[in-house]
Amino acid sequence: MYKLLPILLLASGTAQAKTLFSDYSVSYLNGNNYEVGDSDRQVMTLEHFAVTSWGDSFTFVDRLHSSNGDKETYAEFSPRLKLTSFENSPLKSVFIATTAEFGSFSSADNFGNSFTNYLYGIGSAWAVPGFDFVNLNLYKRNNDDSDNNYQTTISWGLPIGPLYFDGFMDYATSREGAKPSMNLTSQLKYDIAPHVGLDSKLYIGIEYAYWLNKFGIDGVDEKNMSLLVKYHF
């Protein structure tokens, strides 16, 4: 229960928080170079991001369907509690950063497993010219089914003319039976909403995942490009 405490405290505080910005989106991915399991998958993702008077939060849920009948659900809830902010500085804000990771898997022949991991540490937001946002979080990972380790997460958003380039990089240190791993996933997309009469953003583009030692498995490297459609509402 103690692992849940930071996240529960942040979640309970949202009842009194003032929401400064909020965004919901749904996206669809189709790729055929996945590693670990079937190579062909379709992914539906629901996302929510909010900036509040107490900090910010990012939540997403992935639902993955493989061509061989395997199914997987993966979700993260990542609230950050703002500790302080700075004026006229490259470092904009410092946070207590937390994340809860939830995963479940079921194969076509009814094999299944699940896990819940809890991460906590220090987060920061940076002012970088040209970027909408750059975030850096340093975590201690409390893993459900293995030894604990550490993770560094960087996320960014960058307008490039009519295109938008955003993504994240997770670097997790080694643990018993698992190598260090790095997941660099980015999206390059174009908003077609003005061309089809929509008020909300409707992106089409690609997502590229470059994952070294996926899940800590030595030598399992994923280089996967997927078709992307993403709608904000």
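Strands here are DSSP runs of E, at least two residues long, numbered from the N terminus. The model is predicted. With that in hand, start at a loop.

**Stop 1: Asn88**

Select Asn88. This residue sits in the loop between strand S4 (71-85) and S5. Check its backbone: phi is near 55 degrees, a positive value in a residue other than glycine. Most residues other than glycine have a negative phi. Now turn on the surface. Asn88 has a relative accessible area of 83%, so it counts as exposed.

**Stop 2: Phe215**

Go next to Phe215, in the loop between strand S11 (202-212) and S12. Here too phi is positive, about 60 degrees, although Phe215 is not a glycine. Is Phe215 buried, exposed or partly exposed? Its relative accessibility is 44%, so Phe215 counts as partly exposed. The cut-offs behind that call are under 20% for buried and over 50% for exposed, with partly exposed in between.

**Stop 3: Glu222 and Lys214**

Stay in this part of the chain and select Glu222. It belongs to strand S12 (residues 222-232). Show its side chain together with that of Lys214. The two form a salt bridge, and the closest N and O atoms are 2.6 Å apart. Both Lys214 and Glu222 are buried. For Glu222 the relative accessible area is 2%, so it falls under the buried cut-off.

Which backbone atom does the side chain of Glu222 reach? It is the nitrogen of Glu35, at 2.8 Å. Now display the contacts of Glu222, leaving out residues up to four places away in sequence. Asn33, Tyr34 and Glu35 are among them, and so are Ala209, Tyr210 and Trp211. Lys214 is on the list as well.

**Stop 4: Asp38**

Move to Asp38, in the loop between strand S1 (19-31) and strand S2 (41-52). Measure from its C-alpha atom to that of Ser67: the separation is 6.9 Å, across 29 residues of chain. The side chain of Asp38 reaches the backbone nitrogen of Ser67 at 3.2 Å. Apart from neighbours within four places in sequence, Asp38 is in contact with Ser66, Ser67 and Asn68.

**Stop 5: the S6, S7 and S8 strands**

Select strand S6 (residues 112-126) and strand S7 (residues 133-142). They run antiparallel and are joined by 9 bridges. To find the register, pick Tyr120: its bridge partner in S7 is Lys140. Then look at the turn. The hairpin of S6 and S7 has 6 residues between the strands, and Gly130 there takes a positive phi near 90 degrees.

Add strand S8 (residues 149-160). S7 and S8 also run antiparallel, with 9 bridges between them. Use Leu138 as the marker here; its partner in S8 is Thr152. A hairpin of 6 residues joins S7 to S8.

In a regular strand the side chains alternate between the two faces of the sheet. Keep that in mind while you follow the side chains along.

**Stop 6: two more salt bridges**

How many salt bridges does a search of the whole structure find? It finds 5. One of them was at stop 3, between Lys214 and Glu222.

For another, select Glu101 and Arg141. Their side chains meet in a salt bridge at 3.0 Å, N to O. Glu101 is in strand S5 (residues 91-106) and Arg141 in strand S7, and the pair links distant parts of the chain, 40 residues apart. Glu101 counts as buried because its relative accessibility is 6%. Arg141, at 10%, is buried too.

Then select Asp166 and Lys189. The salt bridge between these side chains is 3.1 Å, N to O. Asp166 lies in strand S9 and Lys189 in strand S10 (residues 181-191), so the pair ties together parts 23 residues apart in sequence. Asp166 counts as buried at 14% relative accessibility. Lys189 counts as buried at 2%.

**Stop 7: a nonpolar patch**

Finish on the surface. Select Ile160, Leu163, Leu188, Ile206, Tyr208 and Met225. Together they make a nonpolar surface patch of about 460 Å². Pick out Leu163, which is in strand S9 (residues 163-172). With a relative accessible area of 31%, Leu163 is partly exposed.

Note on methods: Residues numbered from 1 in each chain as written. Predicted model: local features only at pLDDT ≥ 70, side-chain atom pairs only at ≥ 80, totals over all residues. Heavy atoms only, no water. Patch = residues over 30% accessible without salt bridge, like charges linked within 9 Å, V, L, I, M, F, W, Y side chains within 5 Å. Areas by Shrake-Rupley, 256 points an atom, 1.4 Å probe, with all protein chains shown as cover. Salt bridge = Lys/Arg side-chain N within 4 Å of Asp/Glu carboxyl O. Helix = DSSP H or I, 4+ residues; strand = E, 2+ residues; numbered from the N terminus. Buried < 20%, exposed > 50% of the residue type's maximum accessible area, 1.4 Å probe, protein only. Polar contact = N/O pair within 3.5 Å; in protein donor to acceptor, adjacent residues only side chain to side chain. Contact = heavy atoms within 4.5 Å. Pairing = 2+ DSSP bridges.
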